[in-house]
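The following exercises concern the predicted model shown below. Each task is followed by a solution that proceeds step by step.

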Amino acid sequence: MSGIRQKVLKGFKLRGLGPDKEAIRLLCEHLETCSDSDKELNRCVECIRSSPSLIKTRVTAELVEEAISSQAGEADADVQEFVMILDHKNVPISIYDPVRKVFERKQGDSRALVGGQPMTRIQAFRERFDIIEQRIARNRHFAKTAFGDTAMIELTRISGVRRSKERVFVLGMLTQPVEGKFFLEDMSHSIPIDLSDASAKHGLFAENCIVVVAGEMDRDVFKVHTLALPPVESRRDTCE
């Protein structure tokens with residue numbers, strides 16, 4: 001606290017200002033919460049120096065409070081400048097065509113997963129699965145080479161998991177149709193899974209999220225060893 005206090009006194013003194021005790025206390029408490037106290041001190045002092053409420057050289061607690069609150073106003077302005085909130089009905093629908101491998105705009109309003117018709121919600125999940133599946137197919141860890149060699153990591157459809165006797169990688173959606181029993185679903189089939197010994201990579205895993213799992217069949221249940229989210233991709237790469 002003493003180090004910050006000395007900086008505050010020096011900062012005001014260099015600009016010919018005389019703060020009172022309450023002003024010093026408020027500014028010191030504020031600077032203790034800042035990651036870059038020197039930069040914030042200079043900002044506050046300059047804000048006070050240019051304030052029309054400044055009488056001669058006397059800095060009051062009210063002036064310090066105005067300088068501190070001005071930072072919040074600038075942050076709100078930045079958020080309003082770069083963040084735009086849209087009604088979901090105004091968002092156009094983009095459908096991925098797996099044959100042409102392009103996105104196509106579709107007429108109509110954007111579908112809502114909550115409160116929509118059953119078939120509408122099913123179609124929305126199918127479209128999301130298609131987009132993630134084609135994104136994974138382009139990833140260097142899953143994509144096939146130009147010479148037709150197998151991928152570094154080859155994904156197996158759930159319909160073919162039961163026939164496999166070794167460890168496989170599967171892309172699917174986590175569901176819980178029965179309380180306490182999890183299933184993995186894709187466009188071909190669904191299978192019960194055991195997550196008791198699964199190790200999860202970084203991310204948040206919830207029902208209806210699409211994941212990549214590694215595991216093997218144990219009788220009629222797919223025992224998951226590793227659980228991970230699909231690899232990310234920039235918007236520019238997706239559109240290309």
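Helices and strands are here DSSP runs, of at least four residues (H or I) and at least two residues (E) respectively, numbered from the N terminus.

**Exercise 1. Overall composition**

Task: State how many helices and strands the chain has, and what percentage of its residues count as buried.

Solution. Step one: the secondary structure amounts to 6 helices and 10 strands. Step two: the chain has 240 residues, and 30% of them count as buried, the cut-off being a relative accessible area under 20%. Step three: the accessible surface is about 16500 Å², and carbon and sulfur atoms contribute 53% of that area. Step four: among contacts with a separation of 6 or more, 57% are between residues 24 or more positions apart.

**Exercise 2. A helix pair**

Task: Describe how helix 2 and helix 3 pack, and determine which residues meet.

Solution. Step one: helix 2 spans residues 21-32 and helix 3 spans residues 37-49; their axes are 9 Å apart, at an angle of about 140°. Step two: the crossing of helix 2 with helix 3 is right-handed. Step three: helix 2 supplies Leu27, His30 and Leu31, which meet Ser37, Glu40, Leu41 and Cys44 of helix 3. Step four: sorted by class, this contact consists of 4 nonpolar, 2 polar and 1 charged residues.

**Exercise 3. Strand 5 and its partners**

Task: Establish whether strand 5 is enclosed or open, and with which strands it pairs.

Solution. Step one: strand 5 covers residues 168-178, and because 8 of its 11 residues are buried, it is largely enclosed by the rest of the structure. Step two: strand 5 pairs with strand 9 in the antiparallel sense over 6 bridges, and Met173 stands opposite Ile210 of strand 9. Step three: strand 5 also pairs with strand 6, again antiparallel, over 4 bridges; here Thr175 has Phe183 as its bridge partner. Step four: the hairpin of strand 5 and strand 6 has 2 residues between the strands, and Gly180 in this hairpin adopts a positive phi near 90°.

**Exercise 4. From strand 6 to strand 7**

Task: Trace the contacts of Phe183 and the pairing of strand 7.

Solution. Step one: Phe183 lies in strand 6. Beyond its neighbours within four places in sequence, Phe183 touches residues including Met173, Leu174, Ile191 and Ile193. Step two: strand 6 (residues 181-185) and strand 7 run antiparallel and are joined by 4 bridges, with Leu184 partnered by Ile191. The hairpin joining these two strands passes through 4 residues. Step three: strand 7 (residues 190-194) has Ile191 and Ile193 on its covered face, whereas Ser190, Pro192 and Asp194 form the uncovered one. Step four: strand 7 pairs with strand 10 in the parallel sense over 2 bridges, where Asp194 stands opposite Lys223.

**Exercise 5. Positive phi outside glycine**

Task: Locate Asn208 and Arg219, and classify each as buried, partly exposed or exposed.

Solution. Step one: most residues other than glycine have a negative phi. Step two: Asn208 has a positive phi of about 75° and is situated in the loop between strand 8 (199-200) and strand 9 (210-218). Its relative accessible area of 33% makes Asn208 partly exposed. Step three: Arg219 has a positive phi of about 65° and belongs to the loop between strand 9 and strand 10 (221-228). With a relative accessible area of 79%, Arg219 is exposed.

Note on methods. Residues numbered from 1 in each chain as written. Predicted model: local features only at pLDDT ≥ 70, side-chain atom pairs only at ≥ 80, totals over all residues. Heavy atoms only, no water. Buried < 20%, exposed > 50% of the residue type's maximum accessible area, 1.4 Å probe, protein only. Contact = heavy atoms within 4.5 Å. Areas by Shrake-Rupley, 256 points an atom, 1.4 Å probe, with all protein chains shown as cover. Axes fitted to C-alpha atoms, helices over the stretch in contact; angles between N-to-C directions. Left-handed = near helix turned anticlockwise from the far one by under 90°. Nonpolar A, V, L, I, M, F, W, Y, C, P; charged D, E, K, R; others polar. Pairing = 2+ DSSP bridges.
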